[in-house]
Amino acid sequence: MTTRNVAPYGAWESPITAGLIVSKTMSLGAITLDGSQVYWLEARPTEGGRQVLVCLGPDDQITDLTPAPFNVRTRVHEYGGGSYLVHEGVVYFANFADQRLYRLAGDEAQPLTPAVDLRYADAMMDARRGRLIAVREDHTQAGPQAVNTLISLDVNGDEAGGRVLVEGADFYSSPRLSPDGRRLAWLAWHHPNMPWDGTELWVADVTGDGSLANATLVAGGPAESIFQPEWSPGGRLAFVSDRTDWWNLYHWRDGQIEPLCPLDAEFGQPQWVFGQSTYAYVTDNQIVCTYNQNGISYLALLEVSRGQLQPIELPYTQIGQVRVADGRAVFAAASATIEPCIVELDLNSYQTKVLRRASQLNIAPGYIS
């Protein structure tokens with residue numbers, strides 16, 4: 001027979017302590033796929049909160065890629081996010097201590113940007129032109145606030161710290177190059193708006209010398225929030241908008257905007273940090289997406305041509321950072337009883353596999369309310 005102990009409020013002796021939680025738990029985030037490889041960041045309390053880039057290889061072995069003292073974290077907009085990218089096995093990342101961009105190929109990291117107060121985030125690869133396109137925050141100029149621009153940067157290094165492609169707005173994010181490399185999409189917004197208040201989605205042609213021309217405002221404004229523009233494999237631009245007071249998915253082609261799946265649900269989220277992802281293309285006609293209804297997140301497969309949303313049954317109530325490649329989706333997930341983890345979903349069998357857990361704690365359910 002089990003004896004029940006009774007104690008006054010606040011006096012119950014629990015084996016769960018703050019020290020135990022901190023020492024046995026890390027933060028997982030910033031998932032990226034590069035071919036068969038899966039990458040993410042681990043913020044480790046045992047290393048002073050240092051964010052370490054790791055890779056899960058085909059052999060299911062997790063390898064640290066960025067040795068101490070490197071800390072993969074950017075201070076752009078102070079909240080950061082979007083601090084690294086991987087292209088064909090080569091890593092480009094921002095280091096917290098000096099905010100320089102580094103190129104990591106093999107075991108050696110080489111700085112790409114000068115040792116001045118320039119910060120970078122949300123970079124993407126423009127492979128055909130041998131450059132990165134990124135958000136740059138310039139703190140070298142006199143004035144009450146930093147200057148934000150979109151810039152291009154040679155993948156082998158740039159002593160000038162980048163070439164300005166877009167300027168004039170107070171903030172930028174989400175540069176996205178079309179599959180054929182001919183058009184660039186991005187988000188911009190202005191004081192006093194936060195990105196969940198009002199943003200603008202722009203598209204411009206990329207010219208022969210890599211500069212931009214014919215910039216067109218696609219959607220958004222002071223009272224419409226646009227989130228996560230993405231190009232489909234066939235060159236159609238998708239994005240999330242709150243124009244109906246719900247963050248829903250839309251696509252834009254030939255000057256026309258059409259809803260993909262009107263629903264009283266949130267397919268977007270507040271853009272506190274760079275690099276967030278709530279959906280990804282599987283094919284030109286299929287999107288894996290997460291949406292939130294009544295405080296619960298769901299993962300689903302959206303058939304674009306018919307606007308048909310097929311929920312995928314999972315044990316998680318919080319889902320984000322959705323990435324897709326090679327017939328699988330990888331995402332971050334958790335629930336009230338499942339600690340945060342990184343999950344892989346086979347898009348053919350719908351079988352899941354947990355790749356990494358944030359905590360190795362084994363707490364008896366009776367201690368959890």
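Trainee: What makes R253 and D284 count as residues that G234 touches?

Mentor: Contact requires heavy atoms within 4.5 Å of each other. Setting aside residues up to four places away in sequence, G234 touches R253 and D284. The model is predicted, so local features need pLDDT of at least 70 and side-chain atom pairs count only at pLDDT 80 or more, while totals for chains, interfaces and linings use all residues. Residues are numbered from 1 along each chain as its sequence is written, and side-chain values use heavy atoms, with hydrogens and water left out.

Trainee: Why is G234 called partly exposed?

Mentor: A residue is buried under 20% relative accessible area, exposed over 50%, and partly exposed in between (1.4 Å probe, protein chains only). G234 has a relative accessible area of 41%, and is therefore partly exposed. The residue G234 is placed in the loop between β17 (226–231) and β18 (237–241). Strands here are DSSP runs of E with at least two residues, and helices are runs of H or I with at least four, both numbered from the N terminus.

Trainee: What is the distance in space between G234 and N285?

Mentor: Their C-alpha atoms are 9.3 Å apart, although 51 residues separate G234 and N285 in sequence.

Trainee: Is Y172 buried or exposed, and how do you know?

Mentor: The relative accessibility of Y172 is 2%, so Y172 counts as buried. Y172 belongs to strand β13 (residues 171–177). Leaving aside neighbours within four places in sequence, the contacts of Y172 include H77, V135, W186, L187, W189 and F274. With L187, the C-alpha to C-alpha distance is 5.6 Å at a sequence separation of 15 residues.

Trainee: What makes the pair R356 and E42 a salt bridge?

Mentor: The rule asks for a side-chain nitrogen of Lys or Arg within 4 Å of a carboxyl oxygen of Asp or Glu. For R356 and E42 the N to O distance is 2.7 Å, so the pair satisfies the 4 Å limit. R356 lies in strand β28 (residues 352–357) and E42 in strand β2 (residues 37–44), so the salt bridge ties together parts that are 314 residues apart in sequence. R356 counts as partly exposed at 23% relative accessibility, whereas E42 counts as buried at 0%.

Trainee: Which residues are linked with R356 and E42 in a network of salt bridges?

Mentor: The network also takes in R44, E47, R50 and D64. By the rule, the count of salt bridges comes to 19.

Trainee: What makes R119 a salt-bridge partner of D117 and of E137?

Mentor: The closest N and O atoms of R119 and D117 are 3.7 Å apart, and those of R119 and E137 meet at 3.6 Å, N to O. The second pair links distant parts of the chain, with R119 in strand β9 (residues 118–126) and E137 in strand β10 (residues 131–138), 18 residues apart. Both R119 and E137 are buried; for R119 the relative accessible area is 7%. D117, at 35%, counts as partly exposed.

Trainee: How do you know what radius of gyration a compact globule would have?

Mentor: The globule rule is 2.2 Å times the number of residues to the power 0.38, and the radius is taken over C-alpha atoms. For 369 residues this gives a value near 21 Å, and the protein's 22 Å agrees. Buried residues make up 49% of the 369.

Trainee: How many helices and strands does the protein have?

Mentor: The secondary structure comes to one helix and 28 strands.
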